[in-house]
Amino acid sequence: MTELKSILFELSAADGAAYVNNAAKTAERMLGAFADVERNGNTVIGKMVGESDYTIMLDAHIDEVSFVVTDVDDEGFITVQKAGGVDLRILPAQIVTVQGKEDIPAVFCSTPPHLSSGDTEYNDISKIKLDTMLGEKSKDIVSLGDVVTWRNKPIELVSNRVTGKAFDDRAAVACLLFLAKRLSGKKLPMNVVFAFSDQEELGMRGARTASYTVTPDEAIALDVSFATAPDVSATEGGELSKGAMIGISPILDKFLTEKLIAVAKENNIPFQSEVMGGNTGTNADVISVNKSGVKTGLISIPLRNMHTPVEVIDLDDMVSVCDILEKYILSGGGMDV
């Protein structure tokens, strides 16, 4: 558990969006200890060779939601556009990093309650300015198109729960890195390819190219999904501490899904089902239609406060993901499906 948390925290602290590749470099270094690794842009692909020609691809996206600079005015205030599904309501008073000629901290401006009417609506991001405190010197460091990322550091909460930025989807990346270490040195019935794909938040672009490159016989996409909270009902999400969420959807392979569930049950690994009526909103959607089609499954980690700098997960849920995948792969995965 300590090692898994350490991996997650290091990945969370690294920035990874657009051409900012610290997270990809971190994942590449970690995966390189267990697999033959190559990197295409910010997408990292590592292969562990098995005893057959059959190949399973395990995908988790390495990128995070972010912002792009669209203007720097004469007083040094910065205007940004969102790159991914950021909720504008949370922006005022948040701290971020502007990835300019050098990394500089900045805060989104917030109107004091004494000066507002109390019913301010944040529905236009161009009106929520960033302040670097550098004044007119901002133009010397910040350029149009620079990337802006959350700056929060991950911290421990209670009962194996942790909070931080970019747990969507670094939590799944951490699971796969931990799994790679577990599988290292074992006889694998198939080739295992780890794909840490880029630009999921911008249209699942990295998973399209990764699956085309790998051409797997089957794939399991790993992502996060909604966890129950005061504003998220049990019908809309899974529960923290109840285990991995195994996806069930018409676009997912029925037999792979059934085997994932059977493996969890046979090994007394906690899990919960996540039923979707069609598209899953994850990389599974594009991987499954690569070339002539790939039989694809989905496993997710329940997460609160999605697309914010204070996402919350339970480390026990991450362990259940690792446990299911290890047993699934060593039992032959979908080779007999």
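Biologist: Over the ring of which residue does the charged end of Lys291 sit?
Modeller: The model is predicted: local features need pLDDT of at least 70, side-chain atom pairs count only at pLDDT 80 or more, and totals for chains, interfaces and linings use all residues. Residues are numbered from 1 along each chain as its sequence is written, and side-chain values use heavy atoms, with hydrogens and water left out. A charge sits over a ring if NZ of Lys or CZ of Arg is within 6 Å of the ring centre and within 35 degrees of the ring normal. For Lys291, at 4.4 Å from the ring centre, the residue is Tyr212.

Biologist: Is Ser211 buried or exposed, and why?
Modeller: Ser211 belongs to helix H5, residues 205-214; helices (H or I, at least four residues) and strands (E, at least two) are DSSP runs, numbered from the N terminus. Buried means under 20% relative accessible area, exposed over 50%, and partly exposed in between (1.4 Å probe, protein chains only). Because its relative accessible area is 1%, Ser211 is buried.

Biologist: Which backbone oxygen does the side chain of Ser211 reach at 2.8 Å?
Modeller: A polar contact is a pair of N or O atoms within 3.5 Å; within protein, one must be able to donate a hydrogen and the other to accept it, and residues adjacent in sequence count only if both atoms are side-chain atoms. The side chain of Ser211 reaches the backbone oxygen of Arg208 at 3.1 Å. At 2.8 Å, the backbone oxygen reached is that of Ala207.

Biologist: Leaving aside neighbours within four places in sequence, with which residues is Ser211 in contact?
Modeller: Contact means heavy atoms within 4.5 Å. With neighbours within four places in sequence set aside, the partners of Ser211 are Met57, Pro216, Ile287 and Asn290.

Biologist: How many aromatic pairs does a search of the whole structure find?
Modeller: Rings of Phe, Tyr and Trp (its six-membered ring) pair if their centres lie within 6.5 Å; planes under 30 degrees apart count as stacked, over 60 as edge-to-face and the rest as tilted. Under this criterion, the number of aromatic pairs in the whole structure is 2.

Biologist: How many residues apart in sequence are the parts tied together by Phe67 and Phe108?
Modeller: The rings of Phe67 and Phe108 meet edge-to-face, 5.4 Å centre to centre and with 65 degrees between the planes. Phe67 lies in strand E6 (residues 66-72) and Phe108 in strand E9 (residues 103-108), so the separation of the parts in residues is 41.

Biologist: Which residues do ring pairs link into a cluster?
Modeller: Phe67 also forms an edge-to-face pair with Trp150, at 5.4 Å centre to centre and 90 degrees between the planes. Because Phe67 lies in strand E6 and Trp150 in strand E11 (residues 147-150), this pair ties together parts 83 residues apart in sequence. Both Phe67 and Trp150 are buried, and so is Phe108. The cluster linked by ring pairs consists of Phe67, Phe108 and Trp150.

Biologist: Which residue is the bridge partner of Phe67 in E7?
Modeller: Two strands pair if DSSP finds at least two bridges between them. E6 and strand E7 (residues 77-83) pair in the antiparallel sense over 6 bridges. In E7, the bridge partner of Phe67 is Lys82.

Biologist: Which residue in E11 stands opposite Val68?
Modeller: E6 and E11 run antiparallel and are joined by 2 bridges. Opposite Val68 in E11 stands Val147.

Biologist: How many residues apart are Glu64 and Arg170?
Modeller: A salt bridge is a side-chain nitrogen of Lys or Arg within 4 Å of a carboxyl oxygen of Asp or Glu. The side chains of Glu64 and Arg170 meet in one at 2.9 Å, N to O. Glu64 is in the loop between strand E5 (55-61) and E6, and Arg170 in helix H4 (residues 167-183), the separation in residues being 106.

Biologist: What is the relative accessibility of Arg170?
Modeller: Its salt-bridge partner Glu64 is buried, with a relative accessible area of 3%. Arg170 also counts as buried, its relative accessibility being 0%.

Biologist: With which residue does Asp314 form a salt bridge?
Modeller: Asp314 counts as buried at 1% relative accessibility, whereas its partner is partly exposed at 24%. Asp314 lies in strand E19 (residues 311-314) and the partner in strand E13 (residues 161-164), so the pair ties together parts 153 residues apart in sequence. With the closest N and O atoms 3.4 Å apart, the partner is Arg161.
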